[in-house]
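Q: Please take a close look at one part of this model, the side chains and the contacts they make. Keep it brisk, and give the cut-offs as you go.

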Amino acid sequence: MYRELSDELLLFVKSVGYGIIMAVGYDMLRILRRVIHHRPFGVITEDLCYWIGSGFFLFSRIYIQNSGILRWYIFAGVLLGMVLYHGTFSRHLVSFAVKFLLSAEKTISFFTKRLKFCFLRCKITLYKCFCRFFGKS
């Protein structure tokens, strides 16, 4: 009896972890949406793909852990994991990742502009040298 109870408790704890994993996956979508603008149809499509993928993920985990037998405490654990994560780390992770990616984008843009300027300057200098060497004005 205690063995069965400990197995079910372990499955509940794992389902809380699965809920956290699913919430982190959705936060990745939220970060992507804040960094890259999406149209409403794109958001709907991403959400649909996310939930289909999450369903497959959760079903495969339940199938492996519990031979595909659905129990109410598995879904309660998943919901608890998602709520716990969303209430604690989600806001901080999303804001940090968005700030990091936007600053990285600005830095890359700055260096890209500098490289473009240097390349253009080099092209102009080579053209002037070519014109002097071959006598074109």
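A: Start at the surface. Leu 48, Ile 52 and Phe 56 make up a nonpolar patch there, and together they offer about 340 Å² of accessible area. A patch takes residues with over 30% relative accessible area and no salt bridge; nonpolar side chains (Val, Leu, Ile, Met, Phe, Trp, Tyr) are joined within 5 Å, like charges within 9 Å. Accessible areas follow the Shrake-Rupley method with a 1.4 Å probe, and for residues only the protein chains shown count as cover.

A word on the model. It is predicted, so local features need pLDDT of at least 70 and side-chain atom pairs count only at pLDDT 80 or more, while totals for chains, interfaces and linings use all residues. Residues are numbered from 1 along each chain as its sequence is written, and side-chain values use heavy atoms, with hydrogens and water left out.

Back to the patch. Leu 48 belongs to helix 2, residues 40-66. Helices are DSSP runs (H or I, at least four residues), as strands are (E, at least two), and both are numbered from the N terminus. Leu 48 has a relative accessible area of 53%, so this residue is exposed. The classes are buried (under 20% relative accessible area), exposed (over 50%) and partly exposed (in between), with a 1.4 Å probe and protein chains only.

Now the charged side chains. A salt bridge puts a side-chain nitrogen of Lys or Arg within 4 Å of a carboxyl oxygen of Asp or Glu. By this rule there are 3 salt bridges.

Arg 30 sits in helix 1, residues 2-35. Arg 30 pairs with Asp 27 in a salt bridge, with the closest N and O atoms 2.8 Å apart. The side chains of Arg 30 and Asp 27 also make a polar contact at 2.8 Å. That term means a pair of N or O atoms within 3.5 Å; within protein, one must be able to donate a hydrogen and the other to accept it, and residues adjacent in sequence count only if both atoms are side-chain atoms. Both residues lie in helix 1, 3 residues apart, which is about one turn of the helix. Asp 27 is buried, because its relative accessibility is 2%.

Arg 30 has other neighbours. Leaving out residues up to four places away in sequence, Arg 30 touches His 86, Ser 90 and Val 94. Contact here means heavy atoms within 4.5 Å.

Next, Arg 33. Glu 46 bridges to Arg 33, the closest N and O atoms being 3.0 Å apart. Glu 46 is in helix 2 and Arg 33 in helix 1, so this pair ties together parts 13 residues apart in sequence. Glu 46 is buried at 17% relative accessibility. Arg 33 also meets Asp 47 in a salt bridge, 2.6 Å from N to O. That pair links distant parts of the chain, with Arg 33 in helix 1 and Asp 47 in helix 2, 14 residues apart. Through shared partners, salt bridges join Arg 33, Glu 46 and Asp 47 into one network.

Last, the rings. A pair of aromatic rings is described by the distance of the centres and the angle of the planes. Rings of Phe, Tyr and Trp (its six-membered ring) pair if their centres lie within 6.5 Å; planes under 30 degrees apart are stacked, over 60 edge-to-face, and the rest tilted. This rule gives 7 aromatic pairs. One of them is Tyr 18 with Phe 57, edge-to-face, at 5.8 Å centre to centre and 85° between the planes. Tyr 18 lies in helix 1 and Phe 57 in helix 2, so the pair ties together parts 39 residues apart in sequence. Tyr 18 is buried at 9% relative accessible area, whereas Phe 57 is partly exposed at 26%.
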